[in-house]
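Ready to get to know a new structure? Here are a few exercises, each with a solution worked out step by step.

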Amino acid sequence: MTEWPSKHLGDLINVKHGFAFKGEYFSSEGDKLVLKPGNFPIGGGLRLRPGKDDYYTGSYPSEFELSPGDLLVVMTDLTQSAPILGSPAFVPEQPAMLHNQRLGLVTVKPDADLDERFLYYVLLSDTTRRQIRATATGATVRHTAPERFYNVSVAVPEIQVQQVIGAILRTIDDLIEVNRRRIEVLHEIALAVHREWFVRFRFPGHERVALIESDGGTVPEGWESVPLGQIAELTMGQSPSSEHYNVAGVGMPFHQGVTDFGDHLPITRKWCSAPGRVAREGDVLVSVRAPVGRINIADVDLTIGRGLAAVRAKDGRQALLLGHLRHAFAIEDSMGGGTIYKAIGKQDLAGVRVLKASERVAMDAEATFGPNLATIRSLTQSNRHLRAIRDLLLPKLVTGQIDVSSLDVDALVEAPVA
C-alpha cells in the first residue's frame, strides 16, 4: 500500500453555508430549484424529485445562485444515523439551482494541489464520511459546520495520481449515468404509449373501432372495464416472525414494504429463512400500506411481507399489466383507509378497475411493452453491477491500496463482482 501524506480538509478547501430561503416563497413550479438534503442520495450525486422539489419565487442574494460544476456537500441530515451527512454532488447544467443553508459549497483553495474530482470521491468514501459524522451535533437532526469539517483528515497523493483516480471512477459513474438516462427515456416512452393507447384510445387501427358506452365509461368496442382480480392473480404478503430475518443471505430475499424499492427493481438487503408468501420473478409488486400504490418488479423469486402484494397476469401479459397498474396508481395513496396510515386489502386491490382490451390490441401492446421492460431490467441490473464495482474500487483507490498504473478499467467493468 502506498503511503500518502495526510492533510486536513481545512488546508485544502473552503466550505460556505447557503442561504435561509423563506418557505412562504416556495412553489411547486418555477425556474430556480432550491436544493435540499433530500436531493442527495447515499451513493453521491443529485436526485431530482418531480412533484416534491421546491422552486423559489422570492428575491435572494445573487451569490447563492449555483453554477454548473459547483461542488456541494450535505451539512445537515434529518436522521440520527446521518447516512447522507457529507454526501457530495456536482451541480448539473439544468435546471438552475439555489444554495440553501443546509448545504455547503466547496471550493479548492488557490494554493492547494487538489483535483476536484478526486476530492468528490474522497468525500464519498466511508473513511471520510465516518469522520464527518463524528463531527456532527444534534440529538435527532445531525448537523456539522465548516470549522468542524476542516478537521477531517484525508490522504492526498500527487496531483497526477489524483487525476487518474478521479478519471477511473468517473468513467464508471458516466456509464451508470448513461444507463440511467436510457432507463428514464424507456420508462417515459412506455408511459406515453400506454396513455396514448389506453387513455386516449389512439391504438393502431383505432380509426376502424367505434367507441361505446359501458359500465366503466366510454371504451372502444370489444373492450371492457374489469376488476383487477378478473385478469390477474393476487398474492398478499404475510410477514414471518422477525427471528427468521437475516442479512447473511440465508433463505429467500425478503421485502416487507417499499423501504428497499428502487426506481424499477427492489434492492435486496434482507433475507428470510422461514417459508412465506412468495412473489415470483416478473411479478408486479404493489405496496398495499402507506404509501399505497408504489410499484416495483420482482427480478427474482422473493418472500413478501404484509406491506406488499404480488400481481401476475392470468394471460401472461405482464408488461401490459404493469402499464395498467402504473396508470391506476399514478397518484400514491389515492385509495385506502386507516386512521394512522392508508392501507388496502385483497378485496380492495382485486376491485381496482382496469381495461381489458381486444385480443389484437392486447397482443400488440405486450409486443411493444415487453421488450421495453426487458431492456429497463437489463440496464438496471447493469447499473447495480457498475455501482458494486465502483464501491469496491473507491475506498482502495482513494487510500492508495491499488496501483492505478496497472488498473484495467474495461476488464473490471466486465468482470463479476467478488
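**Exercise 1.** Decide whether D283 is buried or exposed, and find what surrounds D283.

Solution. Start with the accessible area: D283 comes out at 4% relative accessible area, so D283 is buried (buried means under 20%, exposed over 50%, partly exposed in between, with a 1.4 Å probe and protein chains only). Before going on, bear in mind that this is a predicted model, where local features need pLDDT of at least 70, side-chain atom pairs count only at pLDDT 80 or more, and totals for chains, interfaces and linings use all residues. Residues are numbered from 1 along each chain as its sequence is written, and side-chain values use heavy atoms, leaving out hydrogens and water.

Next, place the residue: D283 is in the loop between β20 (278-279) and β21 (284-287). Strands here are DSSP runs of E with at least two residues, helices are runs of H or I with at least four, and both are numbered from the N terminus.

Then list the neighbours. Leaving out residues up to four places away in sequence, D283 touches N296, I297, A298, A310, V311, R312 and Q318, where contact means heavy atoms within 4.5 Å. With R312 there is also a side-chain to side-chain polar contact at 2.6 Å (a pair of N or O atoms within 3.5 Å; within protein, one must be able to donate a hydrogen and the other to accept it, and residues adjacent in sequence count only if both atoms are side-chain atoms).

**Exercise 2.** Work out how many residues of helix α6 are buried.

Solution. Helix α6 spans residues 318-328, and 9 of its 11 residues are buried, so the rest of the structure largely encloses this helix. Among the buried ones are Q318, L322 and R326. Recall that Q318 was also on the contact list of D283.

**Exercise 3.** Find which strands form the open sheet, and in what order.

Solution. Read across the sheet: the order is β2-β10-β6-β8, 4 strands with antiparallel pairing (two strands pair if DSSP finds at least two bridges between them). At the edges sit β2 (13-17) and β8 (88-90), each pairing on one side only. From one strand to the next, the twist averages 30°. Angles run from 0 to 180 degrees between N-to-C directions, and axes are lines fitted to C-alpha atoms, for helices over the stretch in contact.

Now zoom in on one pair: β2 and β10 (residues 103-108) are joined by 5 bridges, and H17 stands opposite G104 in β10. Finally, look at what lies on the sheet: α1 packs there, touching β2, β6 (71-74), β8 and β10.

**Exercise 4.** Say which residues have the most contacts inside the largest nonpolar core.

Solution. The answer is I13 and F149, in a core of 41 residues. Such a core is a set of buried Ala, Val, Leu, Ile, Met, Phe, Trp, Tyr and Cys residues joined through side-chain atoms within 4.5 Å. Helix α1 gives the largest share, 7 residues. As for F149, its contacts beyond four places in sequence include I13, V73, L123 and I132.

**Exercise 5.** Find the angle at which α1 and α2 pack.

Solution. Helix α1 (residues 116-124) meets helix α2 (residues 126-134) at about 65°, with the axes 5 Å apart. On the α1 side, V122, L123 and L124 take part; on the α2 side, D126, T128, R129 and I132 do.
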